[in-house]
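User: Please take a close look at one part of this model, and then follow the chain outwards from there. A formal explanation for a first-year student would be welcome, with each term explained where it appears.

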Amino acid sequence: MPAIRELLPPLLADVRGAVVEIGAGTGLITELIARHVPGEVYAVEPSLGMRSVLVSRLTTDPEVLRRVTVLPCGALETEVDEPVEAVVMISVLQSFTAAERAALWRVLRGLLEPGGRLLFNWRDRAPAVPGDLQVMGSYQVGRHTYEVAGQVLAAEGESVTSRFRYRILQRGVVISQDDVDGTAHWPATDVLAAELKEAGFEPDPAPEGMQVWRMPK
Ligand SMILES: C[S@@+](CC[C@H](N)C(=O)[O-])C[C@H]1O[C@@H](n2cnc3c(N)ncnc32)[C@H](O)[C@@H]1O
């Protein structure tokens, strides 16, 4: 996330029109976008829990609150009144299967104005190997310790099924535990590039870790 905070603003430096953010989550990137572009921002987020934190974050800055519209839908249902200059998608693309990606590229193409750009983060990853649950991070919140652990359950082709276990501990005793299993899709960068070209996007230079694709003018 710190890398995105540095990589994204220069890629938006000349944007004056509207921006769509797909999968805005709790709004960390939404806030960053709104601080670096002068126009409207549409933050697309299907999860009620995420949106609650997102809207709460926006209310801390009245100027940002005025310019950010939160769309309570998934990427494939996104509709805006006018074509936008940029679409930003940070740490979201892995939620889409190959078939859903084909639909996603069509929708994003429809949102962008001629010459508009699509920005997302992506890196090729080492093949996932199923393994044991491992603690990935732990944070002190008052007298409690919040802990997140992760485990690869299965890997097949570009798809990886993982379990994340969220625990709260009080004096070393677990007082809350939630397991969330999900499947993510990690195509090679070459595969994505072929899909995007097929969908009518043109590649633009981008720093390591980021992808920039444009609609023809
Ligand atoms: C890992 S979070 C990233 C959040 C935010 N972009 C960030 O970097 O802080 C992924 C987000 O994508 C959202 N998401 C999942 N499927 C989606 C879909 N089909 N359309 C739009 N957003 C989706 C999830 O609800 C979640 O908020």
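**A pair of tryptophan rings and the sheets around the chain**

Analyst: W122 is buried, with a relative accessible area of 6%; buried means under 20% relative accessible area, exposed means over 50%, and partly exposed lies in between (1.4 Å probe, protein chains only). The model is predicted, so to speak of local features requires a pLDDT of at least 70, side-chain atom pairs count only at pLDDT 80 or more, and totals for chains, interfaces and linings use all residues. Residues are numbered from 1 along each chain as its sequence is written, and side-chain values use heavy atoms, with hydrogens and water left out.

Aromatic rings are considered next. Rings of Phe, Tyr and Trp (for Trp, its six-membered ring) pair if their centres lie within 6.5 Å; planes under 30 degrees apart count as stacked, those over 60 as edge-to-face and the rest as tilted. By this rule there are two aromatic pairs. One of them joins W122 and W186: the ring centres are 5.4 Å apart and the planes stand at 35°, so the pair is tilted. This pair links distant parts of the chain, 64 residues apart, with W122 in the loop between β5 (112-121) and β6, and W186 in the loop between β9 and α6 (189-198). The labels follow DSSP runs numbered from the N terminus, where helices are H or I runs of at least four residues and strands are E runs of at least two.

Unlike the buried W122, W186 counts as partly exposed because its relative accessibility is 25%. A charged residue also meets this ring: R125 lies over the face of W186, at 3.7 Å from the ring centre. Such a charge sits over a ring if NZ of Lys or CZ of Arg is within 6 Å of the ring centre and within 35 degrees of the ring normal.

The loops that hold the two tryptophans are next to strands β6 and β9, which leads to the sheet containing these strands. Strands of a sheet pair through backbone hydrogen bonds, either parallel or antiparallel. Two strands are taken as paired if DSSP finds at least two bridges between them. Here four strands form an open sheet in the order β6-β7-β8-β9, with antiparallel pairing. Its edge strands, β6 (134-141) and β9 (173-185), each pair on one side only. On average, neighbouring strands of this sheet are turned by 20° against each other, direction ignored; strand axes are lines fitted to C-alpha atoms (for helices, over the stretch in contact), and angles run from 0 to 180 degrees between N-to-C directions.

Within this sheet, β7 (residues 144-156) pairs with β8 in the antiparallel sense over twelve bridges, and H144 stands opposite Q170 in β8. The two strands form a hairpin with two residues between them, and G157 in the turn has a positive phi of about 60°. Strand β8 (residues 159-170) also pairs with β9 in the antiparallel sense, over twelve bridges. Across this pairing R165 stands opposite D179 in β9, while Y166 stands opposite D178 in β9.

The hairpin of β8 and β9 has two residues between the strands. R171 lies in this loop, and its phi is near 50°, a positive value in a residue other than glycine. R171 is exposed, because its relative accessible area is 74%. G172 is also placed in the loop between β8 and β9 and counts as exposed at 66% relative accessibility. The C-alpha atom of G172 is separated by 41 Å from that of L71, the two residues being 101 residues apart along the chain.

On the other side of W122 in the sequence comes β5, which belongs to another sheet. This open sheet has seven strands in the order β3-β2-β1-β4-β5-β11-β10, with mixed pairing. Its edge strands are β3 (68-71) and β10 (202-204), each of which pairs on one side only. From one strand to the next, the twist averages 20°. Strand β5 is joined to β11 (residues 210-214) by five bridges, and the two run antiparallel; L118 stands opposite W213 in β11.
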